[in-house]
Amino acid sequence: ALLAAAGAFAVGRVFGLVELYVLCAGLVTAALIALIAVWRPIPNLVVRRIVHPALVSVGESARVDLQVTNVDGRRSPHLVLWEPVGTEGGAPMQIAALRPGEAADAAYRVPTARRGLLVAGPLRASRRDVLGLCVKSATLIGTEEVLVVPQHIHLPFPTIGSAGRLGQHLRLRAWGQTGGEFHSLREYAAGDDLRRINWKASARSQDLMVRETALEGLQRCTVVLDTERGAFDPSPGTEAFERAVSVAASVTMSASTAGIGTRLVSAGIDLRGPDVAANGLRWLATVEPSNEPMNYASLARGVHEGLGVVVLVTGSARSGAVTSARAGISPEDTLVVVTVNTGATADGTSDGDGGASRGRFVVDASSVDMLERSWTALVSGRNPVPV
């Protein structure tokens, strides 16, 4: 407006046009009035922001409610509010003029299509004049975080009596263990471990007596997420790594819910303890592929006694992480490989080691439905596993 006023004045002076002088004066006057109108400070406003929930899964609904209260002694003007959300957009809102003590509400939905940490704010209020020549902005409230965690589903875990291949494998492993809580005595049968013979009871009987112990169920679950870039299908639209993160979240949450000692391991991180599910979800919400090597030898460190499974989430059953994991796990652990690349081989069977202490089982997680079917078939044998 001021440039137009200067141009009108210059042209009017050159050609002697009074109308251009009038136009110049009108533009300057409008600019001055606009400046005076917005120059006054914005009244004191108190903003309350409520994010519910502050932690949400991918695809679930989340919203932010704002309550603006005029705590000043004068009437507030009409304000245009803008709150950035994340790095790709924000929420525009408008608040009508508020009398002293009056409050107004506004709300918007949080985008939860992808996992990650979204920062909402800071909330800025803009005051404009009628002609839109001047704008004055002020920050009303700072930032707040919304954590979008990976999508996760409930997965059953095997027990000693499970009908699936993994459950039967763990049952045989439990029979082969020594020690444990005493259960009963029975006659010796061919093939029984000689260390289980109770010699005192055998001395009082005509037959050898074997001490039976109560079978222990699954005690530990270690979830290993392979974050190496080359392990996942780079084709556009496959999003194999996102599926891997979702699988890791599902197994971690399900194992913790089942009361199994859970551990989440990846490159540069080793989470365990009673809060591993919550802390694991927070870490998985922001993890990205990297070239940082994983120390698979650490899988056997700090392992307590009892049956355990190591669930390795990787791209393919033939990836280098599988070989490294097999070499690094404890003899008391059983390796389960979950593959996320489309078309990766996964038949739900062991790799032919005869059910040894380092047996390996493969689960197909090329989609959420396939993960549920393949995992359930491996654990309980209820559904056929697609080959």
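Here are some questions and answers about this predicted model.

User: Which side chains of strand β1 are buried?
Analyst: Good place to start! Strand β1 covers residues 45-52, and its side chains alternate between two faces. Val46, Arg48, Ile50 and His52 point to one face and are not buried. The other face holds the buried set: Leu45, Val47, Arg49 and Val51.

User: How many bridges join β1 to strand β3?
Analyst: The two strands run antiparallel, with β3 spanning residues 63-70. Within this pairing, arginine 48 has glutamine 67 as its bridge partner, and valine 47 has valine 68. The number of bridges joining β1 to β3 is eight.

User: Which are the edge strands of the open sheet with the order β1-β3-β6?
Analyst: That sheet has three strands with antiparallel pairing. An edge strand here pairs on one side only. From one strand to the next, the twist averages 15°. The edge strands are β1 and β6 (103-109).

User: Which residue in β5 stands opposite valine 80?
Analyst: Strand β4 (residues 79-84) pairs with β5 in the antiparallel sense over six bridges. Along β5 (residues 90-95), Ala91, Met93 and Ile95 are buried on one face, while Gly90, Pro92 and Gln94 point to the other and are not. The residue opposite valine 80 is glutamine 94.

User: What is the phi of glycine 86?
Analyst: Happy to look at that turn with you. β4 and β5 form a hairpin with five residues between them, and glycine 86 lies in the turn. Most residues other than glycine have a negative phi. For glycine 86, phi is positive, at about 70°.

User: What is omega for the peptide bond that joins histidine 52 and proline 53?
Analyst: Histidine 52 belongs to strand β1, and proline 53 is in the loop between β1 and β2 (55-57). Most peptide bonds are trans. The bond joining histidine 52 and proline 53 is cis, with omega about -10°.

User: Where is proline 122, which has a cis peptide bond from glycine 121?
Analyst: The bond from glycine 121 to proline 122 has omega near 0°. Proline 122 is found in the loop between β7 (116-120) and β8 (123-128).

User: Why does valine 14 count as exposed?
Analyst: Valine 14 is in helix α1 (residues 2-15). Together with Val11, Phe15 and Leu17, Val14 forms a nonpolar surface patch with about 400 Å² of accessible area. The cut-off for exposed is over 50% relative accessible area. Valine 14 counts as exposed because its relative accessibility is 64%.

Key: Residues numbered from 1 in each chain as written. Predicted model: local features only at pLDDT ≥ 70, side-chain atom pairs only at ≥ 80, totals over all residues. Heavy atoms only, no water. Buried < 20%, exposed > 50% of the residue type's maximum accessible area, 1.4 Å probe, protein only. Helix = DSSP H or I, 4+ residues; strand = E, 2+ residues; numbered from the N terminus. Pairing = 2+ DSSP bridges. Axes fitted to C-alpha atoms, helices over the stretch in contact; angles between N-to-C directions. Patch = residues over 30% accessible without salt bridge, like charges linked within 9 Å, V, L, I, M, F, W, Y side chains within 5 Å. Areas by Shrake-Rupley, 256 points an atom, 1.4 Å probe, with all protein chains shown as cover. Salt bridge = Lys/Arg side-chain N within 4 Å of Asp/Glu carboxyl O.
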